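These are my notebook entries on one structure. I set down what I looked up, entry by entry.

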Amino acid sequence: MLRGILAASRPLSWVNTAVPFALTYLLAQGGVTVELVVGFIFFLVPYNIAMYGINDVFDYESDIVNPRKGGVEGAVLPKTMHRPLLVASAVTVIPFALYLFAVGTWASGAALALALFAVVAYSAPPLRFKEVPVLDSVTSSAHFTLPAVVGALIGGGSIGGSLGVALVAFFLWGMASHALGAVQDVQSDRAGGLHSVATELGARVTTRAAGIFYLAAAVLCFVLPSPGWAVGLLGVGYVANTLRFWNVTDETSAAVNRAWKVFLWLNYLTGAVVTIAVLASVVL
């Protein structure tokens with residue numbers, strides 16, 4: 001059961017929520033504290049158990065016909081595991097969230113509450129934002145951007161200047177990434193009766209839109225202080241990776257999984273550059 005719950009939480013993607021929290025916290029506070037450690041652990045594991053676990057429970061019908069599910073890109077757990085998965089989502093999230101609410105500010109508490117709302121509203125009925133085209137990409141991006149917002153605000157910090165620009169770029173990256181991921185699932189989502197930005201707009205339009213959002217995010221990185229230019233160059237890599245499927249069709253949309261696999265590795269490379277840059281700025 002534990003292995004199933006952890007598999008559902010997508011361990012390969014844990015860093016995408018935990019590291020943004022930690023980096024913005026360090027930029028705002030400049031040191032390691034109990035709040036940093038607790039928040040990092042929360043956004044590393046419990047937050048992902050809830051985010052992906054709730055999604056897997058309510059997407060079961062489409063996931064069982066999706067050939068890319070059942071591995072690092074998403075577990076397909078039997079229905080007997082759905083209740084334990086939802087229970088685990090609540091049990092692991094609540095203690096950490098209560099602590100972060102208690103030690104934070106009103107602003108960080110609002111951001112955390114919005115993050116938890118987005119986690120539930122994205123997948124669970126009756127809201128199910130993931131089936132509202134465009135709102136699905138906005139909500140998915142919020143899953144990753146809001147932990148960074150919490151990190152910046154929880155110690156009484158503020159968001160503005162370069163950090164604000166970086167967060168906007170991060171949000172655009174998140175929207176593009178969701179759209180790209182939705183393209184590869186067009187056929188399985190339609191087979192499961194699900195709607196998404198890609199099923200509604202079509203694979204080609206959605207892929208091109210993702211490329212444009214990646215480009216906008218990369219351009220914003222170039223205006224950031226050094227080494228923002230390095231992150232911008234890596235951002236151009238996301239653009240190239242996406243737009244090589246410029247003429248994809250709904251019938252060939254599953255081939256975009258090749259771009260998705262490259263995307264997963266680009267995340268680690270880009271994340272490493274950003275992490276090193278932030279740590280260097282804090283230490284120096």
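**Entry 1: the second largest cavity.** I looked up which helix gives the most to the lining of the second largest cavity, and I found that α14 has the largest share, with 3 residues. The model is a predicted one, and I read every entry with that in mind. I noted that α2 (15–29) and α14 (257–283) each supply at least two residues of this lining. The residues that line the cavity are Leu 12, Ser 13, Val 15, Asn 16, Leu 264, Asn 267 and Tyr 268. Sorted by class, the lining has 4 nonpolar and 3 polar residues, and no charged ones. I recorded a volume of about 30 Å³ for this cavity. The structure holds 2 cavities of 30 Å³ or more.

**Entry 2: the largest pocket.** I then turned to the largest pocket, which holds about 1,100 Å³ of space. The elements that give two or more residues to its lining are α2, α9 (161–183), α12 (203–222), α13 (228–243) and α14. I counted 38 residues in the lining, and those nearest the centre of the pocket are Leu 23, Ala 166, Val 231, Val 274 and Val 278. Here too I asked which helix gives the largest share of the lining. It is α14, with 11 residues. By class, I found 27 nonpolar residues, 11 polar residues and no charged residues in the lining of this pocket.

**Entry 3: the nonpolar cores.** I noted a general tendency before looking: in soluble globular proteins, nonpolar side chains tend to be buried together. In this model the largest nonpolar core has 63 residues, and Phe 43, Tyr 214 and Phe 263 touch the most other members. The largest share of this core comes from α9, which gives 11 residues. Another core lies apart from it and has 7 residues, including Ile 49, Val 57, Met 81 and Leu 85. I also listed the contacts of Phe 263, leaving aside its neighbours within four places in sequence. Phe 263 is in contact with Trp 173, Ser 177, Leu 180, Tyr 214, Tyr 238 and Asn 241.

**Entry 4: Asp 59.** I located Asp 59 in the loop between α4 (46–58) and α5 (60–63). Is Asp 59 buried or exposed? Its relative accessible area is 3%, and the cut-off for buried is under 20%, so I entered Asp 59 as buried. Leaving aside neighbours within four places in sequence, I found Asp 59 in contact with Arg 128, Lys 130 and Leu 194. I also looked up the separation of Asp 59 and Phe 40: they are 19 residues apart in sequence and 28 Å apart in space, C-alpha to C-alpha.

**Entry 5: the whole chain.** Lastly I looked at the protein chain as a whole, which has 14 helices and 0 strands. The radius of gyration of the chain is 18 Å, close to the 19 Å that the globule rule gives for 284 residues, so I recorded the chain as being as compact as a globular protein of that length. Along its principal axes, the C-alpha trace spans about 50 × 40 × 30 Å. I found that 52% of the 284 residues count as buried. Of the contacts with a separation of 6 or more, 74% join residues 24 or more positions apart.

Conventions: Residues are numbered from 1 along each chain as its sequence is written. This is a predicted model: local features need pLDDT of at least 70, side-chain atom pairs count only at pLDDT 80 or more; totals for chains, interfaces and linings use all residues. Side-chain values use heavy atoms; hydrogens and water are left out. On a 1 Å grid over the protein atoms alone, a cavity is a set of points where a 1.4 Å probe fits but cannot get out, and a pocket is an open set with protein on both sides within 12 Å along at least five of seven lines; lining residues have an atom within 4 Å of a point. Grid points are joined across faces, edges and corners, and a volume is the space filled by probe spheres set on the points. Helices (H or I, at least four residues) and strands (E, at least two) are DSSP runs, numbered from the N terminus. Ala, Val, Leu, Ile, Met, Phe, Trp, Tyr, Cys and Pro count as nonpolar, Asp, Glu, Lys and Arg as charged, and the others, Gly among them, as polar. Buried means under 20% relative accessible area, exposed over 50%, partly exposed in between (1.4 Å probe, protein chains only). Contact means heavy atoms within 4.5 Å. A nonpolar core is a set of buried Ala, Val, Leu, Ile, Met, Phe, Trp, Tyr and Cys residues joined through side-chain atoms within 4.5 Å. The radius of gyration is taken over C-alpha atoms; the globule rule is 2.2 Å times the number of residues to the power 0.38.
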